[in-house]
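Got your viewer open and a coffee in hand? Load the model below, switch to cartoon view, and keep the selection box ready.

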Amino acid sequence: MEINMETSKTLKRALWFGIPAGLLVAGACAAMMMMSPPKDLDLALSKLSAGGIYRASINANIEPVTVGRMHSWTVRLNTATGAPVEGASITVDGGMPQHGHGLPTVPKVTKYLGDGRYLVEGMKFNMPGWWTIKVEVDGVAGHDEAVFNLVL
C-alpha cells in the first residue's frame, strides 16, 4: 500500500488531534467514576411518589446489598392515606446518574405478596457507587413514580 504526501498529512493530523481527544474523554470518564455522590442525597427507602398519589417503600431481600450478585427486592405501595395498593402495574428501572447508564438487568415484578407488597426479581448492581431505583406505578388512583437513591 502506497501512502502519498496528502494521506500522510491526514494521518498525522488525525493522530495529533485524535489521541489527545481520546485521552481527554477517557480521563473525564474516569473522573466521573471517582466522583462522590452529592452530599445532600436523599437515601430514604420510603417516600411519597412524585405526584403524591402513593407512598412507596423499597427493601432489598439480602443484607448487605452487594455488587455483582443477583437479588430481589420488595416494593410496598400504599395510598397517600395509608391503604395498601392492590392490583397495581409496577415497573422498576434505574441506573447510575454519574455514569450515564442504566441497570445491567431488567428487573420485573413477579408476584403480589399481599398487603400492598410486590416481589421484584432480577436486580443486580455491577459496580459500587450512586444508583437510582425508579418505581413506576399504574394503579386505580393513577400513574405516578418514586425515585430512590442507593449508595453501594
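Leaving aside its neighbours within four places in sequence, which residues is Val135 in contact with? Select Val135 and have a look: the list is Ile58, Val75, Ile90, Thr91, Asp144, Glu145, Ala146 and Phe148. Keep in mind as you click around that this is a predicted model.

**Stop 1: the whole chain**

Zoom out and colour by secondary structure. You should find one helix and nine strands. Starting from the N terminus, the helix comes first and the strands follow, in the pattern α-β-β-β-β-β-β-β-β-β. The chain has 152 residues, and 31% of them count as buried. If you draw contacts between residues at least 6 apart in sequence, 59% of those join residues at least 24 apart.

**Stop 2: the nonpolar core**

Back to Val135, which belongs to the largest nonpolar core, a group of 25 residues. Show side chains for Trp73, Leu77, Met123, Phe125, Ile133 and Val135, the members that touch the most others in this core. Now colour the strands that feed it: β2, β3, β4 (89–96), β7 (117–123), β8 (130–139) and β9 (142–151) each supply at least two residues. Which strand gives the most to this core? That's β8, with four residues.

**Stop 3: the five-stranded sheet**

Next, select β1, β2, β3, β7 and β6 together. In that order they make an open sheet with antiparallel pairing. The edges are β1 and β6, each of which pairs on one side only. Turn the sheet and look along it: the twist averages 25° from one strand to the next.

Walk across from the β1 edge. Strand β1 (residues 46–48) is joined to β2 (residues 54–60) by three bridges, and the two run antiparallel. Five residues sit between these strands in the hairpin, and Gly52 there takes a positive phi near 75°. One step further, β2 and β3 (residues 71–79) also run antiparallel, with seven bridges between them.

Ala56 is a handy residue to centre on here. In one direction, Lys47 stands opposite Ala56; in β3, the bridge partner of Ala56 is Leu77, which you already met in the core.

Now jump to the other edge. There β6 and β7 run antiparallel, joined by five bridges. Pick Gly114 and look straight across to Arg117 in β7, which stands opposite.

**Stop 4: a buried threonine**

Select Thr74, in strand β3. Is Thr74 buried or exposed? Thr74 counts as buried, because its relative accessibility is 13% and the cut-off for buried is under 20%. Its side chain makes a polar contact of 3.2 Å with the side chain of Asn61. Show the surroundings too: leaving aside neighbours within four places in sequence, Thr74 is in contact with Ser57, Ile58, Asn59, Asn61, Leu113, Arg117 and Tyr118.

**Stop 5: salt bridges**

How many salt bridges does the structure hold? There are four, and here are some to visit.

- Lys47 and Asp42: the closest N and O atoms are 3.4 Å apart. Lys47 counts as buried at 14% relative accessibility, whereas Asp42 is partly exposed at 38%.
- Arg76 and Asp115: the closest N and O atoms are 3.1 Å apart. Arg76 lies in strand β3 and Asp115 in the loop between β6 (108–114) and β7, so this pair ties together parts that are 39 residues apart in sequence. Both ends are partly exposed, with Arg76 at 30% and Asp115 at 43%.
- Lys134 and Glu145: their side chains meet at 4.0 Å, N to O. Lys134 is in β8 and Glu145 in β9, so the pair ties together parts that are 11 residues apart in sequence. Lys134 is partly exposed at 28% relative accessible area, and Glu145 is also partly exposed, at 28%.

Before you leave that last pair, add Glu136 to the selection. Lys134, Glu136 and Glu145 are linked in a network of salt bridges.

To finish, bring Val135 back on screen alongside Glu145. That brings you round to the opening question, as Glu145 is one of the contacts of Val135, while Glu145 also meets Lys134 in a salt bridge.

Notes: Residues numbered from 1 in each chain as written. Predicted model: local features only at pLDDT ≥ 70, side-chain atom pairs only at ≥ 80, totals over all residues. Heavy atoms only, no water. Pairing = 2+ DSSP bridges. Core = buried A, V, L, I, M, F, W, Y, C linked by side-chain atoms within 4.5 Å. Buried < 20%, exposed > 50% of the residue type's maximum accessible area, 1.4 Å probe, protein only. Contact = heavy atoms within 4.5 Å. Axes fitted to C-alpha atoms, helices over the stretch in contact; angles between N-to-C directions. Polar contact = N/O pair within 3.5 Å; in protein donor to acceptor, adjacent residues only side chain to side chain.
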